[in-house]
Amino acid sequence: IPELCRRYQEDREHGGERVFSSDEALRLVRPKFFGRKTEAVVLLLLDSRGKTLYCDIINEGSVNAAPIYANQIVRLVARYEASTAVLAHNHPSGQPMPTSGDISATRRIIWALDSLGVLLHDHLIVTDTDFLSMNGCGLLKTLYEEHMEEKDRRLYPESEQMVGDQPV
């Protein structure tokens with residue numbers, strides 16, 4: 001029955017709908033988690049106008065973890081020529097607070113998508129009755145700021161030489 005309910009909700013939502021907010025993204029991804037007792041990871045890809053290009057489960061895991069593979073996400077982003085991504089996964093425990101693993105995975109995805117010029121708009125953590133938006137709570141902004149600082153540090157190392165100068 002949960003599988004049938006998921007399919008019904010997915011068919012109802014299917015059709016390249018535009019997504020402009022985390023709440024709208026949540027409405028599209030939430031049915032993917034209906035009745036699941038293990039963690040699953042959903043990827044939502046959007047074009048430059050916010051139109052849905054892809055929305056599906058990309059991985060499933062155990063009761064308390066599901067792996068998120070950056071290379072898999074990069075392949076899908078490239079295949080669909082997406083400009084924005086939303087990552088979502090569920091916490092069957094009922095607690096939507098991000099774990100250290102969730103934060104680490106989000107950092108990896110930010111780095112991977114940045115190399116393609118694609119924005120990670122949000123990482124949603126969904127429970128049966130609640131959710132947390134890393135964008136909405138400010139965590140994603142903090143991770144992007146850390147990413148930009150590290151990227152600048154790598155691109156422009158502090159030294160007396162300018163990037164690209166060769167020692168004599």
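**From one leucine to the sheet and its cores**

In this predicted model, a good place to begin is Leu-113, which, when residues up to four places away in sequence are left aside, touches Ile-73, Val-77, Ala-85, Val-118 and Leu-120. Leu-113, Ile-73 and Leu-120 appear again among the residues with the most contacts inside the largest nonpolar core, a list that also holds Leu-43, Leu-45 and Leu-87. That core has 26 residues, and at least two of them come from each of the strands β1 (40-46), β2 (52-60), β3 (84-90) and β4 (119-126), as well as from each of the helices α3 (70-80), α4 (100-114) and α5 (139-155). Another core, of 15 residues, lies apart from this one, and Val-29, Ala-40, Val-42 and Leu-46 are among its members.

The strands can now be followed through the sheet. Five of them form an open sheet in the order β2-β1-β3-β4-β5, and the pairing within it is mixed. At the edges are β2 and β5 (131-133), each of which pairs on one side only, while from one strand to the next the twist averages 20 degrees.

At the β2 end of this order, β1 and β2 run antiparallel and are joined by seven bridges; looking at a single position, one finds that Leu-44 has Cys-55, in β2, as its bridge partner.

Finally, the helix α4 can be placed against the strands, for α4 lies across β3 and β4 and runs at about 160 degrees to β4. Both of these strands, like α4, are among the elements that each supply at least two residues of the largest nonpolar core.

Technical notes:
Residues are numbered from 1 along each chain as its sequence is written. This is a predicted model: local features need pLDDT of at least 70, side-chain atom pairs count only at pLDDT 80 or more; totals for chains, interfaces and linings use all residues. Side-chain values use heavy atoms; hydrogens and water are left out. A nonpolar core is a set of buried Ala, Val, Leu, Ile, Met, Phe, Trp, Tyr and Cys residues joined through side-chain atoms within 4.5 Å. Buried means under 20% relative accessible area, exposed over 50%, partly exposed in between (1.4 Å probe, protein chains only). Helices (H or I, at least four residues) and strands (E, at least two) are DSSP runs, numbered from the N terminus. Contact means heavy atoms within 4.5 Å. Two strands pair if DSSP finds at least two bridges between them. Axes are lines fitted to C-alpha atoms, for helices over the stretch in contact, and angles run from 0 to 180 degrees between N-to-C directions.
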